[in-house]
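Here are my comments on the model you sent, set out as numbered points for reading alongside the coordinates.

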Amino acid sequence: MNEIFSTKPSVFRKKAALSEQYLPDKLIARDQQIGEIAELIEPVIHYGLPRNGLIVGKKGIGKTSVIKYVIKEFNEIALKNKINVKTILLNCGIANTVSRVILEIVHQVSPELQVPKTGLSLNEYYNILWDVLNEKQTSIIVILDDIEMLKNLDILASLSQAGEKMYIGDEVYIGIIGISNDLFSSEKISPNLIQSINYKEVIFPPYTEEELRQILEVRSSTAFKDDVIDESVIPTCVLLSQKEGYAYKAIKLLEKSGNIAEKKKEDFVSGKHVFLANDEMKTERGIDALKKLSIHKKLVLFSIVKLIKEHDDKITTGQVVSEYQDICSKLEIDHLGRTSVSKIISEFDMQDIISASLRSRGRYGKTRLISLKWDLNRIKEVLYYDYRLKDL
Ligand SMILES: Nc1ncnc2c1ncn2[C@@H]1O[C@H](COP(=O)(O)OP(=O)(O)O)[C@@H](O)[C@H]1O
Ligand SMILES: [Mg+2]
């Protein structure tokens, strides 16, 4: 029988420590931010009102981890002091509308209550929320993670004014903490809304090289067995992620490097594996970007792939334009003009998907000679994820 599971000892001791959900016991270099967030909700422990906050910083820089850490501590103290408060952490990628946010809050405060998921007016949803809070006498700290995905920010004003407008009783209050990956999100909020929420901003700066190194040291000693990663691994992970300064990439590189060493049935992880992991991540990001292209960009790329396959050689912009336009008429959709297609070709060139160098054709002027930088079959495979291209 084939052995489908490897019985060879693994380089990992606890691989889950490298996953995104893992919350480390100790967070490096975030004491100040932990303190600032704790200050927002600390009054609650002494029967006071929380302050609202907006946490900002680039992706992968510890915002979600820090808030989870703070609310874990807070919940323990609140429980000990018998304070009726609930911290509700919502991801706005999922709870992205007002009604979904309300439904989630209601569910967490009163899980036994059945509320229709659709069909009620916003007012009715709000009333259910106020009733639940009043009836249970529960205060809430609502944390809206990835808040830029929330479709309508009005809910922030409604929640923060509920007390003032006497929708909820004196003993009940609502704190709001938004978390945004967009450093300038506060610029995009209307001044009226800013005034009504009256929040304090907590900024997460990028990690320094030394901080990234420490994060990786601690994490790798949990995740890997002793003495399986050589001394170049962590510096290489730091080197490849320091430009962005974000821990997410550094940890992902560490995880992928381990996976690659394991797949190659090697007993040690080395810097070489980290570089391979970095290439793999680049390809994954590229594939993601391809999947998100607009239909016309996909069709232009499809035309390039098709022509290069047929001609087995470099092709010109003119050829791409006419192939693309043919395909559009086959699909019965309007096509873009030559200038727009040329622009798309330049974009692909800049993204390193193709090379499109300008060549003089003597008195005929200039044209671009196009070749692919990526594997042709790989691009085709990704494009075919889009069912609209299936029959071409
Ligand atoms: N200060 C830190 N100490 C240890 N690990 C960290 C720290 N900051 C971030 N990480 C790790 O980096 C990854 C991304 O962090 P996360 O909190 O999800 O970032 P964000 O919410 O800002 O996108 C997680 O695996 C997290 O455990
Ligand atoms: Mg996050």
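The points below take up the domains, the ligand shell and three helix pairs in turn.

1. Please keep in mind throughout that this is a predicted model. The domain assignment of the chain gives domain 1 (31-203), domain 2 (207-290) and domain 3 (293-389). The C-alpha centres of domain 1 and domain 3 lie 48 Å apart.

2. Where does ligand 1 lie with respect to the domains? Residues of its shell come both from domain 1 (31-203) and from domain 2 (207-290), so ligand 1 lies between these two domains. Of the 19 residues around ligand 1, those that come nearest are Gly62, Lys63, Thr64, Ser65 and Ala247. Helix 2 (63-80) and helix 9 each supply at least two residues of this shell, and by class the shell is made up of 10 nonpolar, 5 polar and 4 charged residues.

3. Helix 2 also packs against helix 1 (residues 31-45), and the axes of the two helices come within 10 Å and cross at roughly 30°. Because angles under 35 degrees count as roughly parallel, helix 1 and helix 2 are described as roughly parallel to each other; helix 1 passes helix 2 in a right-handed crossing. On the side of helix 1 the contact is made by Gln33, Ile34, Ile37, Ala38, Ile41, Val44 and Ile45, and on the side of helix 2 by Val66, Ile67, Tyr69, Val70, Phe74, Ile77 and Ala78. Which classes of residue make up this contact of helix 1 with helix 2? The residues divide into 13 nonpolar and 1 polar, with no charged residue.

4. Helix 9 (residues 247-263) packs with helix 8 (residues 233-241) at an angle of about 135°, and their axes are 9 Å apart. The two helices are therefore oblique to each other, and helix 8 passes helix 9 in a right-handed crossing. Val233, Cys237, Val238, Leu240 and Ser241 in helix 8 meet Lys249, Ala250, Leu253, Leu254 and Ser257 in helix 9. The residues of this contact comprise 7 nonpolar, 2 polar and 1 charged.

5. Helix 9 packs with helix 10 (residues 271-291) as well, here at an angle of about 110° and with the axes 8 Å apart. That angle makes helix 9 roughly perpendicular to helix 10, and the crossing of the two is right-handed. From helix 9, Lys252, Leu253, Lys256, Ser257, Ile260 and Ala261 take part, and they meet His273, Val274, Leu276, Ala277, Asn278, Glu280 and Met281 in helix 10. This contact of helix 9 with helix 10 divides into 7 nonpolar, 3 polar and 3 charged residues.

6. For a reader tracing helix 9 through the model, Leu253 and Ser257 are among its residues that meet helix 8, and Leu253 and Ser257 are also among those that meet helix 10. Helix 9 in addition supplies at least two residues of the shell around ligand 1.

Methods:
Residues are numbered from 1 along each chain as its sequence is written. Chains are lettered from A and ligands numbered from 1 in the order in which they are written. This is a predicted model: local features need pLDDT of at least 70, side-chain atom pairs count only at pLDDT 80 or more; totals for chains, interfaces and linings use all residues. Axes are lines fitted to C-alpha atoms, for helices over the stretch in contact, and angles run from 0 to 180 degrees between N-to-C directions. Helices (H or I, at least four residues) and strands (E, at least two) are DSSP runs, numbered from the N terminus. Angles under 35 degrees count as roughly parallel, over 145 as roughly antiparallel, 65 to 115 as roughly perpendicular and the rest as oblique. A crossing is left-handed if the near helix is turned anticlockwise from the far one by less than a right angle, and right-handed if clockwise. Two residues are in contact if their C-beta atoms, placed from the backbone, lie within 7 Å. Ala, Val, Leu, Ile, Met, Phe, Trp, Tyr, Cys and Pro count as nonpolar, Asp, Glu, Lys and Arg as charged, and the others, Gly among them, as polar. A residue is near a molecule or strand if its C-beta atom, placed from the backbone, lies within 6 Å of it. Domain bounds come from an automatic or database domain assignment.
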